[in-house]
Amino acid sequence: MLETHGRALLAEELAGLDALELGGRSRIRFARKAWSATWPKVAAVVIAIAVWQLVVWSGWKPDYVIPGPAKAFEELRNQVTSGTLLPAIGRTLMRAARGYSVALVIGALLGLVVARSRILRSALGSFITGLQTMPSVTWFPFALVVFKRSEAAIMFVVVLGAAPSIANGLISGIDQVPPLYLRAGRVLGAKRFAMYRHVILPAALPNVIGGLKQGWAFAWRSLMAGELLVIIPGQLTVGVLMQNARDVSDAPALVASMIVILVIGIFVDAVFFAGIERSIRRRRGLLVTT
């Protein structure tokens, strides 16, 4: 009896040691993966800052025109501590979220309708591509005439900048679904809705994500142009900070605003869209996991 009890205790202790060892290995593996994914980005940032500093040291332009990294980051710190930068970023991101959400709904509905009809595709396909190729800034004179200097003028241009890319991504993805998938779906009894839900949209997902990513890029660019051209009194945004810095020739503040715009664009792509793309690749067996 005592011998059996002793063996049970020994087995329990060994199991605990094995679990501890496996947990340690998993943490080490996670740390290695995190470092392997992080160091190239960190290296790129360090190289960019070094090149920037070298340009300043070269004397090509005086430092009141092209300030060094130290002055720009000091200005960023001052804007944070003074309480101006974070509210401006928050309002800008809220505008981006609203405009992109509306563009997502319009672009998805337009893409589905056009993809399902050959007549509509023939009539509207080139028109959607034409809208996509138009620079967003060319819409602002029209938007200012129609909506004046208002939030609606900015949202109008943001939606027009993003929706065509989203629609084209959906149309392209549906067009490139292999016919074998469609035949397999019909054999399995999939009707119209089930065919789109379980066959067409999953197969078109990589192109759809590409369209969403491109739509976000166009929306972000359109929003920045809008905040520079359409300044609404009492609404502090990143674009307003940038325009104010330009008006008073404050080069450090101007560069600081540019850094904020760049970092937000990179962050959204690296955290949101890159995560979705990795998930899709993993589910399709295109991403090796060790």
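**Exercise 1. Find what share of the contacts between residues at least 6 apart in sequence join residues at least 24 apart.**

Step 1. Start with the term: a contact means heavy atoms within 4.5 Å.
Step 2. Take the contacts in the chain between residues at least 6 apart in sequence; of these, 72% join residues at least 24 apart.

Before going on, please note that this is a predicted model, where local features need pLDDT of at least 70 and side-chain atom pairs count only at pLDDT 80 or more, while totals for chains, interfaces and linings use all residues. Residues are numbered from 1 along each chain as its sequence is written, and side-chain values use heavy atoms, with hydrogens and water left out.

**Exercise 2. Describe the make-up of the chain in helices and strands.**

Step 1. Helices (H or I, at least four residues) and strands (E, at least two) are DSSP runs, numbered from the N terminus.
Step 2. The chain holds 10 helices and zero strands.
Step 3. Of its 290 residues, 34% are buried; buried means under 20% relative accessible area, exposed over 50%, and partly exposed in between (1.4 Å probe, protein chains only).

**Exercise 3. Work out whether α6 is enclosed or open, and place A153 in the picture.**

Step 1. Check the length of α6: at 1.5 Å a residue, its 25 residues should span 36 Å, and its end C-alpha atoms are 36 Å apart, which agrees. The expected span is 1.5 Å times one less than the number of residues.
Step 2. Because 19 of the 25 residues of α6 are buried, this helix is largely enclosed by the rest of the structure.
Step 3. A153 sits in helix α6 (residues 151-175) and is buried, with a relative accessible area of 0%.
Step 4. Setting aside neighbours within four places in sequence, A153 touches F140, A143, F147 and K148.
Step 5. P141 lies 12 residues from A153 in sequence, and their C-alpha atoms are 9.5 Å apart.

**Exercise 4. Explore the largest nonpolar core and follow V260 within it.**

Step 1. A nonpolar core is a set of buried Ala, Val, Leu, Ile, Met, Phe, Trp, Tyr and Cys residues joined through side-chain atoms within 4.5 Å.
Step 2. The largest one has 60 residues, and those with the most contacts inside it include Y100, W216 and V260.
Step 3. Helix α8 (residues 192-229) gives the largest share of this core, 15 residues.
Step 4. Apart from neighbours within four places in sequence, V260 is in contact with L76, L85, I89 and V238.
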